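Work through the exercises below with the sequence and the coordinates at hand. Each task is followed by a solution that proceeds step by step.

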Amino acid sequence: MAFTSETIVVRRAKQGDQDAFETLLTRYEKRVYSLAYHYAGNEQDAMDISQEVFLRVYRFLPQFNEESQFSTWLYRVTSNVCKDYLRKRNARAAVSLGGEEDGEEYLIEAPDLRYNPEDALEQKEMRREIREGLAQLTPDHREVLVMRDVLGLTYGEIASSLDLEEGTVKSRIARAREKLRQKLVETGNFFAPGKSNKQKGGAKK
């Protein structure tokens with residue numbers, strides 16, 4: 001197998017090279033933080049989770065056997081730390097999955113209001129409903145959806161990171177997206193197939 005630049009950096013970090021470890025931290029800290037933030041819902045907890053992730057990475061990196069990509073292993077560690085966090089947190093606490101200013105996009109089918117400036121308030125409300133819908137997902141569904149639609153990982157990468165079958169990942173994501181659509185339909189921010197014209201025109205109550 002051909003060595004990649006990351007393979008070399010990882011091996012140097014495993015041998016105790018601090019500069020190499022710093023390179024890995026710099027390369028992945030934003031993605032780890034993003035995943036942590038979408039679990040925790042606030043910056044301070046996301047920072048604490050991220051710090052714990054890299055502490056574990058530093059501690060256990062020498063045990064990384066390189067059978068998978070470093071990023072796959074890193075996301076598995078991140079997922080475990082996030083799950084530990086959620087287990088310690090009140091199960092009824094609301095979890096916000098994204099801020100209006102974070103620039104993240106969720107890959108769900110929703111009305112495109114970019115070319116309707118007068119609907120800016122409606123768009124803001126829709127994003128709030130999306131976040132609330134995400135917060136109502138089960139942790140398993142939320143996890144795969146964030147990895148796919150926020151971090152942009154492939155189905156294969158998610159499956160490897162979470163030790164799941166790729167079909168299971170696809171199924172969970174499909175169910176999670178359907179639940180989000182149902183939430184948006186209920187709030188009037190998404191129109192079910194065949195009903196958009198009727199509801200949009202306001203002729204029906």
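A residue is called buried when its relative accessible area is under 20%, exposed when that value is over 50%, and partly exposed in between. The model to which this is applied here is a predicted one.

**Exercise 1. Describe the overall make-up of the chain: how many helices and strands are there, and what share of the residues is buried?**

Start with the secondary structure: the chain has nine helices and zero strands, and the pattern read along the sequence is accordingly α-α-α-α-α-α-α-α-α. Next, consider burial, where 40% of the 205 residues fall in the buried class. The surface comes third: about 12,300 Å² is exposed by the chain, and 47% of that area is supplied by carbon and sulfur atoms. Finally, take the contacts with a sequence separation of 6 or more, of which 66% join residues 24 or more positions apart.

**Exercise 2. Determine how helix H3 packs against helix H4, and decide which orientation class the pair belongs to.**

Two packed helices are described by the angle between their axes and the distance between the axes. For H3 (residues 43–60) and H4 (residues 70–88), the angle is about 130 degrees and the axes are 9 Å apart. Because angles of 65 to 115 degrees count as roughly perpendicular and those over 145 as roughly antiparallel, with oblique left for an angle in neither of these ranges nor under 35, H3 is oblique to H4. The crossing of H3 past H4 is right-handed. On the side of H3, the contact is made by Asp 45, Ile 49, Glu 52, Val 53, Phe 54, Arg 56, Val 57 and Phe 60, and on the side of H4 by Phe 70, Trp 73, Leu 74, Val 77, Thr 78, Val 81, Cys 82, Asp 84 and Tyr 85. Sorted by class, the residues of this contact are twelve nonpolar, one polar and four charged.

**Exercise 3. Examine Trp 73, Thr 78 and Ser 71: is each of them buried or exposed, and which residues does each one touch?**

Begin with Trp 73, whose place is in helix H4. Its relative accessibility is 13%, so Trp 73 counts as buried. With neighbours within four places in sequence left aside, Trp 73 is in contact with Val 57, Phe 60, Leu 61, Phe 64 and Ser 68. A separate distance, taken from C-alpha to C-alpha, puts Trp 73 at 9.2 Å from Leu 162, although the two are 89 residues apart in sequence.

Continue with Thr 78, which also lies in helix H4. Thr 78 has a relative accessible area of 0% and is therefore buried. Residues up to four places away in sequence not being counted, Thr 78 touches Val 32, Leu 35 and Val 53.

End with Ser 71, again in helix H4, where a relative accessible area of 10% makes this residue buried. Outside its neighbours within four places in sequence, Ser 71 is in contact with Glu 6 and Tyr 28. The C-alpha atoms of Ser 71 and Glu 157 are 8.7 Å apart, with their positions 86 residues apart in sequence.

**Exercise 4. Set out the packing of helix H6 against H2 and against H4.**

Take H2 (residues 18–40) and H6 (residues 139–149): their axes come within 10 Å and cross at roughly 145 degrees, in a right-handed sense. Leu 35, His 38 and Tyr 39 of H2 meet Arg 142, Glu 143, Val 146 and Met 147 of H6, a contact with four nonpolar, one polar and two charged residues.

Turn then to H4 and H6, which pack at an angle of about 140 degrees with axes 12 Å apart, and whose crossing is right-handed. Here Tyr 75, Ser 79, Lys 83 and Leu 86 of H4 make the contact with Pro 139, Arg 142, Glu 143 and Met 147 of H6, and the classes are four nonpolar, one polar and three charged residues.

**Exercise 5. Inspect the backbone at Glu 66 and Asp 163: what is the phi of each?**

Glu 66, in the loop between H3 and H4, has a positive phi of about 65 degrees although it is not a glycine. Its relative accessibility of 25% lies between the two cut-offs, so Glu 66 counts as partly exposed. Asp 163, in the loop between helix H7 (155–162) and helix H8 (166–187), is likewise not a glycine and has a positive phi of about 60 degrees. With 67% relative accessibility, Asp 163 counts as exposed.

Notes:
Residues numbered from 1 in each chain as written. Predicted model: local features only at pLDDT ≥ 70, side-chain atom pairs only at ≥ 80, totals over all residues. Heavy atoms only, no water. Axes fitted to C-alpha atoms, helices over the stretch in contact; angles between N-to-C directions. Helix = DSSP H or I, 4+ residues; strand = E, 2+ residues; numbered from the N terminus. Left-handed = near helix turned anticlockwise from the far one by under 90°. Contact = heavy atoms within 4.5 Å. Nonpolar A, V, L, I, M, F, W, Y, C, P; charged D, E, K, R; others polar. Buried < 20%, exposed > 50% of the residue type's maximum accessible area, 1.4 Å probe, protein only. Areas by Shrake-Rupley, 256 points an atom, 1.4 Å probe, with all protein chains shown as cover.
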